[in-house]
Amino acid sequence: MRHHLDEDQKALADAVETYLRRAYDFETNGADKGHWTAFAEMGLLGLVLPEEYGGLAAGPLLAHAVMESFGRHLVKVPYASTVLLCGRLIALTGDDAQCTALLPALAAGEHTFALAHDEPHTQHDLTDITTTAVPDGDGWLLTGAKCVVIDGDADRYLVTARTSGDNPSPRGVSLFLVDRDHPGLSLARYPTIDGAHGADLRFDGIRLPTGALLGRAGEAHDALSRASDLACAALCAEAVGAMSAVLDATRDHAGSREQFGSPIGKFQALQHRLVDMLVAVEQARSLAWLASATSESDGARAASAVSAAKVKCIDAARLIGLDAIQLHGGIGMTDELRLGHHVKRLLAIEHTLGDRRAHLTRFMDLARPTAA
């Protein structure tokens, strides 16, 4: 994948990897806000944002390289949700005034964002939205509920709501900006399995100003789909980084743990298991790269590549995670090893921006020939 980066992009990717190896330790300072500031100074928070709003406009391949490093080092920052998902959404839907007000501050690390889309009855269907927003004088009344908002301790939320059209339908989907401390917003936050935070939101007819609507009413679906695919491809890259770290740790353990006077890595049965893990990682790596390479393309090709990569990464993560824990023995279940934290993060990625069933269904629907 690095062969597809130009020299400046390679230099930035190398700088990120060097910084993480030297300064990042998820056990002692994983949630240190100083890292978020450092990432802003390196330009990472503006990576995919337009240059006119303080971004680098670097594209998805560099984001892929960064996210793979993040996965390898268990970086605990809301990068995918704030930068790749919400930042891209704002750039795609907001007018010039909104982008000018929001994106430079995002790139500088002044605010974090989270997408509030999923509802209790949905399976990350981007068209199934029962939360509504209706005009009210010079503003809007927002009513509904969102659940399992990833990185839900964000400063601001991008909330999907239906302003017109029948449900489910891509027509009539709108996007609203809501501050965490907005009057009337009910917010319940909780820790997630990977050490991050989720949140459930409820809007009981809260009033929003006209400027809270990003872009034009009812026209947010295409941008939502494109931004979700970009972020999902990046999560696949993060998963590949995490799986690579798990494989390396398991291989090192097999080379040092002795049984019957010999390292267990010399036993043929264990070598076969390690080879199966390696093949799974490399297959996932190839599909994840393809997903990133096509994630900003229009049409079914990009969506199919992202869904195929997500399904493969989920399957590979399950195989690698379970085998790694088994080959480590009892210590594989302890929190003292990074292994368990990687496996928990992989499990969280599995259920972020669509699970296996959702993406397999979408892939099959896209592959089905349309009637003439």
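Mentor: Helices are DSSP runs of H or I with at least four residues, strands are DSSP runs of E with at least two, and both kinds are numbered from the N terminus. This is a predicted model, in which local features need pLDDT of at least 70 and side-chain atom pairs count only at pLDDT 80 or more, while totals for chains, interfaces and linings use all residues. Residues are numbered from 1 along each chain as its sequence is written, and side-chain values use heavy atoms, with hydrogens and water left out.

Trainee: In which helix is Met364 found?

Mentor: Relative accessible area, calculated with a 1.4 Å probe and protein chains only, is called buried under 20%, exposed over 50% and partly exposed in between. Met364 has a relative accessibility of 47%, and therefore counts as partly exposed. As for its place in the fold, Met364 belongs to residues 356–367, which make up helix H11.

Trainee: How far apart are the end C-alpha atoms of helix H9?

Mentor: The expected span of a helix is 1.5 Å times one less than its number of residues. Helix H9 covers residues 300–328, and because it holds 29 residues, its span should be 42 Å. The model agrees with this expectation, since the end C-alpha atoms of H9 lie at a distance of 41 Å.

Trainee: Which residue just after H9 takes a positive phi?

Mentor: The place to look is the position that directly follows the helix, where phi has a value of about 75°. The residue with this positive phi just after H9 is Gly329.

Trainee: What is the phi of Ala57, a residue other than glycine?

Mentor: Ala57 sits in the loop that runs between helix H3 (33–41) and helix H4 (60–73). With 45% relative accessibility, Ala57 counts as partly exposed. Although Ala57 is not a glycine, its phi is positive, at a value near 50°.

Trainee: Is Asp151 buried or exposed?

Mentor: Asp151 is another residue other than glycine with a positive phi, in this case near 55°. Its place is in the loop between strand S3 (139–150) and strand S4. Because its relative accessibility is 15%, Asp151 counts as buried.

Trainee: What is the omega of the peptide bond from Asn167 to Pro168?

Mentor: Pro168 lies in the loop that connects strand S4 (156–162) with strand S5 (173–179). The peptide bond that leads from Asn167 into Pro168 is cis, and its omega is near -5°.

Trainee: How many salt bridges does the count come to?

Mentor: A salt bridge is defined as a side-chain nitrogen of Lys or Arg within 4 Å of a carboxyl oxygen of Asp or Glu. When the side chains are counted by this rule, the number of salt bridges comes to 22.

Trainee: Which residue forms a salt bridge with Arg207?

Mentor: The closest N and O atoms of this pair are 2.9 Å apart. The pair links distant parts of the chain, 71 residues apart, with Arg207 in strand S7 (residues 197–209) and its partner in strand S2 (residues 132–136). Arg207 is partly exposed at a relative accessible area of 40%, and the partner is also partly exposed, at 27%. The residue that meets Arg207 in this salt bridge is Asp136.

Trainee: How far apart in sequence are the parts that Glu238 and Arg345 tie together?

Mentor: Glu238 and Arg345 form a salt bridge in which the closest N and O atoms are 2.8 Å apart. Glu238 lies in helix H7 and Arg345 in helix H10 (residues 338–350), so the pair ties together two parts whose separation in sequence is 107 residues.

Trainee: Are Glu238 and Arg345 buried or exposed?

Mentor: The two residues are partners in a salt bridge, with a closest N to O distance of 2.8 Å. As for accessibility, Glu238 and Arg345 are both buried.

Trainee: Which residue does the side chain of Arg368 meet in a salt bridge?

Mentor: Arg368 is partly exposed, with a relative accessible area of 48%. Its partner counts as partly exposed as well, because its relative accessibility is 42%. The side chains meet at 2.8 Å from N to O, and the partner of Arg368 is Asp365.

Trainee: Which residues are joined into one network by salt bridges that share partners?

Mentor: A network of this kind arises where salt bridges have partners in common. The residues joined in this way are Glu17, Arg21, Glu68, Arg72, Glu282 and Arg285.
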